[in-house]
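Biologist: Thanks for sitting down with me. Could you show me the model, and let me ask how you arrive at the terms you use?

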Amino acid sequence: NHLEGARKLALKLPLPEAVDSAKKQDRFIREAEAWIRLGVHPNIVRCWFVRRVSGLPGLFLDLITGGSVEDKIKSREISAPNWERIIQIVTEVAEGLSHAHGLGMIHRDIKPENLLMTERGSVRVTDFGLVKSVEHGHLRSGAPEGEAPSDAGTTGTGEFLGTPRYGAPEQWHKGMRITPATDIYAVGVVLYELLTSRRPFD
């Protein structure tokens, strides 16, 4: 419970190895702050604040208890020919992403497990841990002075950023720019999976 507001929040902690240096911790906190700047939207899980818990930077998020779209796909609770439900899900995901894109944020890891369901059945996009900021149509990493920006979908070592099964082509190639279309591609993959109960190319 968040006692000041009598609100129940979820706590998300990174793996220790993900923040085992000052540089990694700074990057994690910058990503969390970008998530916080998204503010309140009915189709985005809100990140309220960051606090240290057991020596780790913890994210305090809206507590969403209805499971994920991935759960609903696996249980066949959501599948064809439930067209209205599928359209509702994809529309709400698009609404959440439109809000993020309007604020210059690209998610980069849209997939069913990052789409949470409320008890009333609405969808909220979560896990903006790979969020990128865009300014004037170009990526800016928010990197400290002297640190090279990361414009592409891979790290400098060629590591894929995101989830390969849902990743757009530009996320596979160092040097290709990430744009809002990267998220739209992933939404298309999710839509395909909702309609067919399998992913493309599986």
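Biologist: Which residue in strand 3 is the bridge partner of leucine 11?

Modeller: The partner of leucine 11 is phenylalanine 60. Please keep in mind that this is a predicted model.

Biologist: What makes strand 1 and strand 3 a pair?

Modeller: A pair needs at least two bridges, and strand 1 and strand 3 (residues 56-62) have four, in the antiparallel sense. They belong to an open sheet of three strands, ordered 1-3-2 with antiparallel pairing.

Biologist: Why are strand 1 and strand 2 said to stand at the edges?

Modeller: Strand 1 (9-12) and strand 2 (47-53) each have a single partner strand, so one side of each has no neighbour in the sheet. From one strand to the next, the twist averages 30°.

Biologist: Why are helix 3 and helix 4 called roughly antiparallel?

Modeller: Helix 3 (residues 83-102) and helix 4 (residues 180-196) pack at about 165°, their axes 11 Å apart. Angles over 145 degrees count as roughly antiparallel, so the two helices earn that description. Their crossing is right-handed.

Biologist: Which residues meet there?

Modeller: Among them are Trp83, Ile86 and Val90 in helix 3, and Ile184, Val187 and Leu191 in helix 4. The contact residues divide into 12 nonpolar, one polar and one charged.

Biologist: How do you know whether isoleucine 178 is buried or exposed?

Modeller: Isoleucine 178 lies in the loop between strand 8 (138-140) and helix 4. Buried means under 20% relative accessible area; isoleucine 178 has 3%, so it is buried.

Methods: Residues numbered from 1 in each chain as written. Predicted model: local features only at pLDDT ≥ 70, side-chain atom pairs only at ≥ 80, totals over all residues. Heavy atoms only, no water. Axes fitted to C-alpha atoms, helices over the stretch in contact; angles between N-to-C directions. Parallel < 35°, antiparallel > 145°, perpendicular 65-115°, else oblique. Left-handed = near helix turned anticlockwise from the far one by under 90°. Contact = heavy atoms within 4.5 Å. Nonpolar A, V, L, I, M, F, W, Y, C, P; charged D, E, K, R; others polar. Buried < 20%, exposed > 50% of the residue type's maximum accessible area, 1.4 Å probe, protein only.
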